[in-house]
Amino acid sequence: MDIESFLRNKAKKNKKVILLPEPEDIRVVKAAGIINNEGIAKAVIISKKELALSKIKEYAGLFYELRKAKGVTYADAERMMHSPLYYAAMMVRAGGADGFVAGASHTTPDVARAAIRCLGLDEKFSVASSCFIISLPNCAYGDDGLFFFADCGIVPEPTARQLAQIALSTADLARKILGIEPRVAMLSFSTKGSSNHDSLERIKEATKIAKETEPDLKIDGELQLDSAIVGEVAKIKNAYDVLKGKANVLIFPDLNSGNIGYKLVQRLANARAIGPVLLGLTKPCCDLSRGCFAEDIVDCAAVTAIRAQ
């Protein structure tokens with residue numbers, strides 16, 4: 001699948017307003033031009049000097065109501081709304097836009113905090129996380145080289161329940177973005193009890209919780225990577241019944257392994273890595289790697305627009 005063309009064409013079918021709150025970055029400016037010229041979405045760059053005072057006050061009031069129980073004062077809220085990042089997130093929350101993409105010049109914690117504080121958690125999933133859409137050239141694994149990797153950017157050491165929610169939200173994204181059947185592997189250094197360690201209990205419990213929450217979901221764990229994606233290995237290692245070695249959604253046990261895993265595949269296998277797509281929130285948004293290219297921003301905007309549809 002030509003993932004870039006697929007995403008951009010799908011986004012064009014129902015054009016959405018996507019905010020880009022990093023006007024000082026030339027990559028963002030270039031990406032906005034591509035998005036608008038190709039009709040992928042309506043990209044709006046949010047500049048600090050163009051923030052409307054009336055909207056700053058409106059969004060500050062909304063933010064204060066959301067966060068006052070956390071000790072945020074109205075003065076704190078108004079000060080934060082002078083940041084294009086928080087202004088954009090609250091504009092999406094208030095319905096003035098459909099989603100936002102940031103991270104070219106902000107760290108992932110900065111973007112994630114703004115998204116979580118302003119948009120809030122989706123009650124269906126109850127944990128914020130992130131995933132990458134990974135497209136590998138000339139690859140027979142997954143869906144002809146297409147995978148979803150999670151969590152690669154947000155939760156350092158997820159509990160069993162959080163890990164289950166990460167699996168469910170990533171599977172949901174796979175269905176909605178690409179219309180594919182998610183086949184979810186809960187990754188580990190062990191396959192079906194081949195090793196014994198306390199850390200494996202969390203992965204087993206997460207798999208159980210996910211199955212109970214969504215009984216029709218194809219999910220299995222704990223699985224080593226080769227058992228998850230290689231049919232011949234899955235048969236040998238007693239992991240063939242559910243996924244048959246054809247997993248396309250890979251859930252890593254912690255942030256260390258998730259972040260290292262996606263970067264290894266991206267750099268050593270020349271994979272296309274789109275994201276991180278932020279999951280578990282009430283509205284769609286994407287983070288970016290600070291090493292991103294303009295084309296990466298365009299693809300994240302397309303994903304965000306599709307989610308808003």
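This is a short tour of the structure in your viewer, stop by stop.

Before you start clicking, know that this is a predicted model, where local features need pLDDT of at least 70 and side-chain atom pairs count only at pLDDT 80 or more, while totals for chains, interfaces and linings use all residues. Residues are numbered from 1 along each chain as its sequence is written, and side-chain values use heavy atoms, with hydrogens and water left out.

**Stop 1: the whole chain**

Show the protein chain as a cartoon and you'll find 12 helices and 10 strands. Those are DSSP runs numbered from the N terminus, with helices being H or I of at least four residues and strands E of at least two. The radius of gyration is 20 Å, close to the 19 Å that the globule rule gives for 309 residues, so the chain is as compact as a globular protein of that length. (The radius is taken over C-alpha atoms, and the rule is 2.2 Å times the number of residues to the power 0.38.) Along the principal axes, the C-alpha atoms fill a box of roughly 65 × 45 × 30 Å.

Of the 309 residues, 53% count as buried. Buried means under 20% relative accessible area, exposed means over 50%, and partly exposed is in between, using a 1.4 Å probe and protein chains only.

**Stop 2: the core**

Next, select Leu 7, Phe 100, Val 101, Phe 148, Val 184, Met 186 and Ile 251, which touch the most other members of the largest nonpolar core, a set of 92 residues. A nonpolar core here is a set of buried Ala, Val, Leu, Ile, Met, Phe, Trp, Tyr and Cys residues joined through side-chain atoms within 4.5 Å. Colour helix H7 (residues 160–178) too: the largest share of this core, 11 residues, comes from there. Another core of 23 residues lies apart from it, with Ile 134, Cys 139, Phe 149 and Ala 185 among its members.

Now zoom in on Met 186. Leaving aside neighbours within four places in sequence, Met 186 is in contact (heavy atoms within 4.5 Å) with residues including Leu 163, Ala 167, Ile 203, Leu 223 and Ile 251.

**Stop 3: Thr 191**

Go to the loop between strand S6 (183–187) and helix H8 (198–213), where you'll find Thr 191. Is Thr 191 buried or exposed? Thr 191 is buried, because its relative accessible area is 3%.

Show side chains here. The one on Thr 191 makes a polar contact with the side chain of Gln 224 at 2.9 Å, and with that of Ser 227 at 3.0 Å. A polar contact is a pair of N or O atoms within 3.5 Å; within protein, one must be able to donate a hydrogen and the other to accept it, and residues adjacent in sequence count only if both atoms are side-chain atoms.

**Stop 4: the rings**

There are six aromatic pairs to hunt for. Rings of Phe, Tyr and Trp (its six-membered ring) pair if their centres lie within 6.5 Å; planes under 30 degrees apart count as stacked, over 60 as edge-to-face and the rest as tilted.

Try Tyr 59 and Tyr 87, an edge-to-face pair at 5.1 Å centre to centre with 75° between the planes. Tyr 59 sits in helix H3 (residues 53–67) and Tyr 87 in helix H5 (residues 84–93), 28 residues apart. Both are buried. Then add Phe 63 and Tyr 86: their ring centres are 6.1 Å apart and their planes at 90°, so this pair is edge-to-face. Phe 63 lies in H3 and Tyr 86 in H5, so the pair ties together parts that are 23 residues apart in sequence.

For a cluster, select Phe 147, Phe 149 and Phe 252.

**Stop 5: backbone oddities**

Most residues other than glycine have a negative phi, and most peptide bonds are trans. With that in mind, click on Ala 150 and Asp 151, joined by a cis peptide bond with omega about -15°. Another cis bond joins Gly 275 and Pro 276, with omega about 0°; Pro 276 is in strand S9 (residues 272–279).

Finish with Asp 144, a non-glycine residue with a positive phi of about 50°. Look for Asp 144 in the loop between S4 and S5, exposed with a relative accessible area of 61%.
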